[in-house]
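Open the model in your viewer and keep the selection panel at hand. The tour goes stop by stop, each with something to select and something to look for.

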Amino acid sequence: MSINQQTGAQEWPLWEVFVRSKAGLDHKHCGSLHAPDAPMALQMARDVYTRRQEGVSIWVVPSSAIVASDPGEKSMYFDPMEDKVYRHPTFYDLPKELDHM
Amino acid sequence: MTKVSNVVDDAGAQYLLRLGDACLVLSHRLSEWCGHAPMLEEDLALGNIALDLLGQARALLTRAGQLQAQAGGPALDEDQLAYLREERHFLNPVLMELPRGDFAFTQTRNLMVACWLLPLWDRLRASSDAEVAAIAGKAVKEVQYHQQHAADWVVRLGDGTEESTRRMQAALAQLWPYVGELFASDDIDAAAQASGLGPSWAELRDDWDSAMAAVLAEAKLPRPQDTPHVYAGRRGVHSEHMGHMLSTMQMLQRTYPGGVW
């Protein structure tokens, strides 16, 4: 039984696609797609997002499972950090041996 | 326009052309879905599969042309073989040339063909022809994915809604009579088997039956009855659809002979 039948939805659910490139260590978000279920979402991600050798590993996540911050709360969430430059580790001397930090 | 003598009569070349034409013709049928698939994602999936098959066809047609030349025939390249042969000289099974039908028809045929190509390419990896073995090594990975993708659709549609089940049963009933040709064997097969070029197609039947049975069981679709008639596309006897398809497929090259990108 497909997700459509379970939910009665007319359109297939949306999935977010994350692809890890050959050289990359992390999976990066590269887009989204519609698919009836998880195995099909993986196949479609392969066909839509890795057809030019972009990746060696794919994650798909139901978009509905992602909890996102509210754009309307952007100022409350992020503006207070504007004047707190002291949180960057640039106000003390590092030992030379550390070189690149 | 010079008339190309495009009759391939070397047994090894014909054996490869049968497979190459099967890939080429199905690739063309799948390319017809471009822009017409039920959803964007599947449009790309079908296009990818069509391009995989086209790549396999190009390699096989090229090799068939070389074998024909080695046997003293004219040196024909992949384009001459694809675009300048007459209908009667195409050697694909009739199954591949049938019009694309609806989505259920297309996925069912893709499954049938993938379940046939997989054991065939798998055996061709051990071909006595190093070139063919190398083509097979690449193709087998592509076809594994084709089989999985088609099988997943067949299961979803077969065990889906009332309408999808009805369409899948209709597709199976329409396609099943063309299956026998995939496992017919004749002197061309015997020669290929003897020389180690590749297996007799008859040898693939057991693998095909068990792979199809597993998917049909999961899809809750009954296996249709086998029918006695065996089509003869691989001897150049095609259905009424083939000529129409070729007129589209060959139109550019026949209108502008020798035209290249």
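Select Gln43(A), Met44(A), Asp47(A) and Val48(A) in H2(A), then add Glu41(B), Leu44(B), Ala45(B) and Asn48(B) in H2(B): these two groups meet. Keep in mind that this is a predicted model. By class, the contact of the two helices holds four nonpolar, two polar and two charged residues.

Now draw the helix axes. Two packed helices are described by the angle between their axes and the distance between the axes. Here the axes of H2(A) and H2(B) come within 9 Å and cross at roughly 70 degrees. An angle of 65 to 115 degrees counts as roughly perpendicular, and H2(A) and H2(B) are therefore roughly perpendicular to each other. The crossing of H2(A) past H2(B) is left-handed.

**Widen to the whole contact between the chains**

Select the residues of each chain that touch the other chain. Chain A supplies 12 residues to the contact and chain B supplies nine residues. On the chain A side, E2 and H2 are the elements that give two or more residues. Which element of chain A gives the most to this side? H2(A) does, with six residues. Colour the chain A side by class and you should count seven nonpolar, three polar and two charged residues.

**Hide chain B and look at chain A**

Switch to a cartoon of chain A. It has three helices and three strands. Walk from the N terminus and the elements come as α-β-β-α-β-α. Of the 101 residues of chain A, 16% count as buried. Take the contacts in chain A with a separation of 6 or more: 46% of them are between residues 24 or more positions apart.

Select the three strands next. They form an open sheet in the order E2-E1-E3, with antiparallel pairing. Strand E2 (28-34) and strand E3 (57-62) of chain A are at the edges with a single partner strand each, so one side of each has no neighbour in the sheet. Look along the sheet for its twist: on average, neighbouring strands are turned by 30 degrees against each other, direction ignored. Bring back helix H2 (residues 38-49) of chain A, which packs on the sheet and touches E1, E2 and E3 of chain A. The direction of H2(A) makes about 130 degrees with that of E3(A).

**Zoom in on E1(A)**

Select strand E1, residues 14-20 of chain A. Six bridges join E1(A) to E2(A), and the two run antiparallel. Find two pairs there. Val19(A) stands opposite Lys28(A) in E2(A). Trp15(A) has Leu33(A) in E2(A) as its bridge partner. Turn to the other pairing: E1(A) and E3(A) are antiparallel too, over six bridges. One pair to show here is Arg20(A) with its bridge partner Ser57(A) in E3(A).

Now show the side chains. In a regular strand the side chains alternate between the two faces of the sheet. Which residues of E1(A) point to one face and are buried? They are Trp15(A), Val17(A) and Val19(A). Leu14(A), Glu16(A), Phe18(A) and Arg20(A) point to the other face and are not buried.

**Move to chain B: Leu46(B)**

Bring chain B back and centre on Leu46(B). This residue lies in helix H2 (residues 40-70) of chain B. Is Leu46(B) buried or exposed? Leu46(B) is buried, with 25 other C-beta atoms within 10 Å; the cut-off for buried is 20 or more. Add Leu30(B), Trp33(B) and Ala37(B), which Leu46(B) touches when residues up to four places away in sequence are left out. Then set a distance label from the C-alpha atom of Leu46(B) to that of Ala64(B). The label should give 26 Å for these two residues, 18 residues apart along the chain.

**Last stop: H5(B) and H6(B)**

Select helix H5 (residues 103-124) and helix H6 (residues 130-158) of chain B. Their axes come within 7 Å and cross at roughly 150 degrees. That makes H5(B) roughly antiparallel to H6(B), because angles over 145 degrees count as such. The crossing of H5(B) and H6(B) is left-handed. Colour the contact of H5(B) with H6(B) by class: 19 nonpolar, six polar and one charged.

Definitions and conventions
Residues are numbered from 1 along each chain as its sequence is written. Chains are lettered from A and ligands numbered from 1 in the order in which they are written. This is a predicted model: local features need pLDDT of at least 70, side-chain atom pairs count only at pLDDT 80 or more; totals for chains, interfaces and linings use all residues. Two strands pair if DSSP finds at least two bridges between them. Helices (H or I, at least four residues) and strands (E, at least two) are DSSP runs, numbered from the N terminus. Axes are lines fitted to C-alpha atoms, for helices over the stretch in contact, and angles run from 0 to 180 degrees between N-to-C directions. Two residues are in contact if their C-beta atoms, placed from the backbone, lie within 7 Å. Ala, Val, Leu, Ile, Met, Phe, Trp, Tyr, Cys and Pro count as nonpolar, Asp, Glu, Lys and Arg as charged, and the others, Gly among them, as polar. A residue is buried if 20 or more other C-beta atoms lie within 10 Å of its own, exposed if 12 or fewer, and partly exposed in between; C-beta atoms are placed from the backbone. Angles under 35 degrees count as roughly parallel, over 145 as roughly antiparallel, 65 to 115 as roughly perpendicular and the rest as oblique. A crossing is left-handed if the near helix is turned anticlockwise from the far one by less than a right angle, and right-handed if clockwise.
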